[in-house]
Amino acid sequence: LLLWMLLCEHGLEYMLHQEKQQHEMAKENINIKCHDLKYQIAQLEAMDDRAQRQSSIRELEQSVMIYDSMVETGCGALDLVLTEKSLICEKHKIKLSSMVDGAKLNFLSTSDIYALFGNALDNAIESVCKADEERRIISLKVFAEEQMLFIHLDNYCAEPPKFVGEYPVTTKDNDLFHGFGTRSIRYIVQCYHGDVKMSWSDYFFHLDILFCIE
């Protein structure tokens, strides 16, 4: 049991470090793609070949899609996570909707925002990808009422997951080295003295997080 706890602790620390690096790389990649747009536009102006121009226009349209996916919530770290996950959802034809007051998340560290929302959305994306295209739905809400901050995430889930206690267990073969996403969410919420609840009803998986804020 002690060895398992140590593995979990070190696994969580390693995963949080990796997630921070991953999101920093995603931010850099988004900036590079946006920066490249002006060069693609300049090339279009110099092209005489019609077929080549049409091909370049299609490439440019794909690049411009990144602007359609840019999210502004009032929290830079969450903007990055949502932009990155929106592009993934676009690729997999997932409908991701969000109503987020990101300014209320200023009590969370940047790395914890990356990990908390990144893991929650990764789990949701993995779940809905198993469904038919028209059922690939994810909804995120973040809002404050008085001294409470609510985070609510729904995603379509045809079959109820297996729960042990209050939390779902991984469906992957080796549960020792999987399921860190859920553990990370729980760990971060507990660090800020919050509450987390996961449940399933009416073909949707629900994640609810509650924090007390000043």
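**Strands, helices and a pair of rings**

Biologist: Let's start with one residue: which residue in strand 3 does Val142 stand opposite?
Modeller: This is a predicted model, with residues numbered from 1 along each chain as its sequence is written. Local features need pLDDT of at least 70, side-chain atom pairs count only at pLDDT 80 or more, totals for chains, interfaces and linings use all residues, and side-chain values use heavy atoms, without hydrogens and water. Strand 2 (residues 137–145) and strand 3 (residues 148–156) pair in the antiparallel sense over eight bridges. Opposite Val142 in strand 3 stands Ile151.

Biologist: Which strands stand at the edges of the sheet?
Modeller: Strands are DSSP runs of E, at least two residues, and helices are runs of H or I, at least four, numbered from the N terminus; two strands pair if DSSP finds at least two bridges between them. Five strands form an open sheet in the order 1-2-3-7-6, with mixed pairing. An edge strand has a single partner, so one side is left without a neighbour in the sheet, and this holds for strand 1 (95–100) and strand 6.

Biologist: Which residue in strand 7 does Met198 stand opposite?
Modeller: Strand 6 (residues 195–201) and strand 7 (residues 204–212) run antiparallel and are joined by seven bridges. They form a hairpin with two residues between them, and Asp202 in the turn has a positive phi of about 50°. Across from Met198 in strand 7 stands Leu207.

Biologist: How is helix 3 oriented to helix 4, roughly parallel or roughly antiparallel?
Modeller: Helix 3 (residues 76–91) and helix 4 (residues 110–128) have axes 9 Å apart and pack at about 20°; axes are lines fitted to C-alpha atoms, for helices over the stretch in contact, and angles run from 0 to 180 degrees between N-to-C directions. Angles under 35 degrees count as roughly parallel, over 145 as roughly antiparallel, 65 to 115 as roughly perpendicular and the rest as oblique. That makes the two helices roughly parallel.

Biologist: Which strands does helix 4 touch?
Modeller: Contact means heavy atoms within 4.5 Å. Helix 3 lies across strand 1 and strand 2. Helix 4 packs on the sheet, and its direction makes about 20° with that of strand 3. The strands that helix 4 touches are strand 1, strand 2, strand 3 and strand 7.

Biologist: Which kind of pair do the rings of Phe107 and Tyr192 form?
Modeller: Rings of Phe, Tyr and Trp (its six-membered ring) pair if their centres lie within 6.5 Å; planes under 30 degrees apart count as stacked, over 60 as edge-to-face and the rest as tilted. Here the centres are 6.0 Å apart and the planes are at 75°, so the pair is edge-to-face.
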